[in-house]
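Q: I would like to learn how to read strands, hairpins and helix faces in a model. Can we work through a case?

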Amino acid sequence: MAKAVASAGEPLPSASLAPETVRAAMFGAAGLLLALWWLLGRRTLQQRLPPGPKAWPLVGNFAFALLPKRLQVFPPHKKEGNDGERAGEEGGGPTPMHVLLTELAKMYGSIFRMELGNRHVIVLSDFEAVRDALVTQAEVFSDRPSMPIVAIVTEKKGVVFAPYNPVWKKQRKFSHSTLRHFGLGKHSLEPKIIEEFKYVKDEILKHGEEQFNPFPIIGNAVSNVICSMAFGRRFDYDDAEFKNILNLMSRALEFSLNSQVLLVNICPWLYYLPFGPFREFRQIVLNITAFLKNIIRQHRESLDVQYPRDFIDMYLLHSDEEKKINGESSFNEDYLFFIIGDLFVAGTDTTSNTLLWSLLYMSLHPQEQRKVQEEIELVIGCNRPPTLADKVHMPFTEATIMEVQRMTVVVPLSIPRMASESTELQGYLIPKGSVIIPNLWSVHRDPNKWENPNDFCPARFLDENGQLLKKETFIPFGIGKRVCMGEQLAKMELFLMFVSLLQSFTFIYPDDLKKPPMEGRFGLTLAPFPFKLTALKR
């Protein structure tokens, strides 16, 4: 018994721990430390990122896209300005995306963050932020994001959506030089634009003093200018196939930023669903593809090496030469298709929308329309067609065009960029791969840069002597290494067509029709809502 019982002062023997138990405890402690380190690091990272609204799991800040369209209603937004469209009235419909992002900038600052799935989307909302990113750090912010919807439709080719790399640089350089050969930015293109206006005038005159829809007439005219350079031909205004393609193109640009179609960037398989906007968008892409590939095929069959007729011929000849040197050259008919698509879509939709906006604003501001017409009469007269040489003598007309561009910014959110490496922008961390959205609508409505920004006032672009003012903050074509390639062509078309229209007609908005909302139909481009006008022959 004495041996079995330990003395009161003798310590009890300690139980030994199994090696497995020790290892498990060590792994657990290490895991806990790693988790704490990750959480602290993530918290530090989050603190360095731009601020922004709280995101939902998986879908980020685009959860509303999962709702039926009738339920996608944001808080009413106040309509301001002197546009003659119920100024100050509270709108009850969904807030357009460019307006919504502008409102969010008031809450979170000029650089803020949203989430699309697990990707950061950085919105730049004032001129300084846009310039610091796209000009000061141009090499970092010139790439395009690899978004599923863009990759599916463009295969990362062309000049608009292609990645910023040596292939893109070669393709863009060739495209720009070839377009210049066919008149881009040169006075030699003037006769084609003036000749096209004759068809516009004839079409408008057919309506007499009755109300008419200017959309198809303006769309056909602008498209025919780029078609003459790219395809070597123009299309009649009653060409059913061409009219259908122009309608499909406008519809596609609306769809490109449709809230539900955006979900393809989170779940790419949605693109192939056989119903809803996905099916319609896919069919539009197929129809436009068939139209453009047929034109390329016709050019290949009738190609004359000695007499290239247009951009397509020049590209085909260059492609054939490249194949002799390098069988892996990016110059091929497949890449040509995507470049032609870019030229056709971008060269039509943006300029035609700006002209349509111009007619709408002139009809809503008859006093400004009359001032433009007085300047036309003084400089050009009533019969002689305008020329680009007249531009320097017509500051009010130029200021009016610029004010329309400022008010409407036809590519309001620009074309998204991507941060090709992690960098710092105005004190915020911008992680590699972040999608960058320059909100050009916000830039041109910034009250710190533009007095009464929601008012239509061409005089803001004139000095005290009535001469044109160049404003650094006026960037409707964007800035940086990926500035719009067709800027010079667009400026030529806008001036010559706008002057020709107001030289020939006075445009009146019918009293019996409701004025359209002036925020526009949001898509990749900003089109006016449908409207009709009366054109009085002068």
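A: Yes. This is a predicted model. Start with a pair across a hairpin: Leu116 stands opposite Arg119 in E4.

Q: Which way do E3 and E4 run, and how many bridges join them?
A: E3 and E4 are antiparallel, with six bridges between them.

Q: What should I look for in the turn of that hairpin, at Gly117?
A: Check the length of the link and the backbone angles. Two residues lie between strands E3 and E4, and Gly117 has a positive phi near 65°.

Q: How many residues of strand E3 are buried?
A: Six of the six in E3 (residues 111–116), so far as burial under 20% relative accessible area goes. Now sort them by direction. Ile111, Arg113 and Glu115 point to one side of E3, while Phe112, Met114 and Leu116 point to the other. Both sets are buried, charged names included in the first: Arg113 and Glu115.

Q: Where do the side chains of strand E8 point?
A: Val435 and Ile437 go one way, Ile436 and Pro438 the other. Each of these four residues of E8 (435–438) is buried.

Q: Which strands pair with E8, and in what sense?
A: Take the partners in turn. Strand E4 (residues 119–124) pairs with E8 in the parallel sense, over four bridges. There, Ile122 is opposite Ile436. Strand E5 (residues 417–418) is joined to E8 by two bridges and runs antiparallel to E8. In that pairing Met418 faces Val435.

Q: How do I check the length of a helix such as H6?
A: Compare the expected span with the distance between the end C-alpha atoms. H6 (residues 190–205) has 16 residues, so at 1.5 Å a residue the span should be 22 Å. The end C-alpha atoms are 23 Å apart, which agrees.

Q: Which residues of H6 are buried?
A: Glu190, Ile193, Ile194, Glu196, Phe197, Val200 and Ile204. They cover an arc of only 160° around the axis, so they sit on the same side of H6.

Q: What do the buried residues of H6 pack against?
A: Two helices and two strands: H7 (215–230), H15 (487–504), E9 (505–508) and E12 (534–537).

Q: Is Gln405 buried or exposed?
A: Read the relative accessible area. For Gln405 the value is 9%, and the cut-off for burial is under 20%, so Gln405 is buried. Gln405 belongs to helix H13 (residues 395–408).

Q: What is Gln405 in contact with, beyond its neighbours within four places in sequence?
A: Gln405 touches Thr354, Phe474, Pro476, Phe477 and Leu494.

Technical notes: Residues are numbered from 1 along each chain as its sequence is written. This is a predicted model: local features need pLDDT of at least 70, side-chain atom pairs count only at pLDDT 80 or more; totals for chains, interfaces and linings use all residues. Side-chain values use heavy atoms; hydrogens and water are left out. Buried means under 20% relative accessible area, exposed over 50%, partly exposed in between (1.4 Å probe, protein chains only). Two strands pair if DSSP finds at least two bridges between them. Contact means heavy atoms within 4.5 Å. The expected span of a helix is 1.5 Å times one less than its number of residues. The arc is that of the directions from the helix axis to the C-beta atoms.
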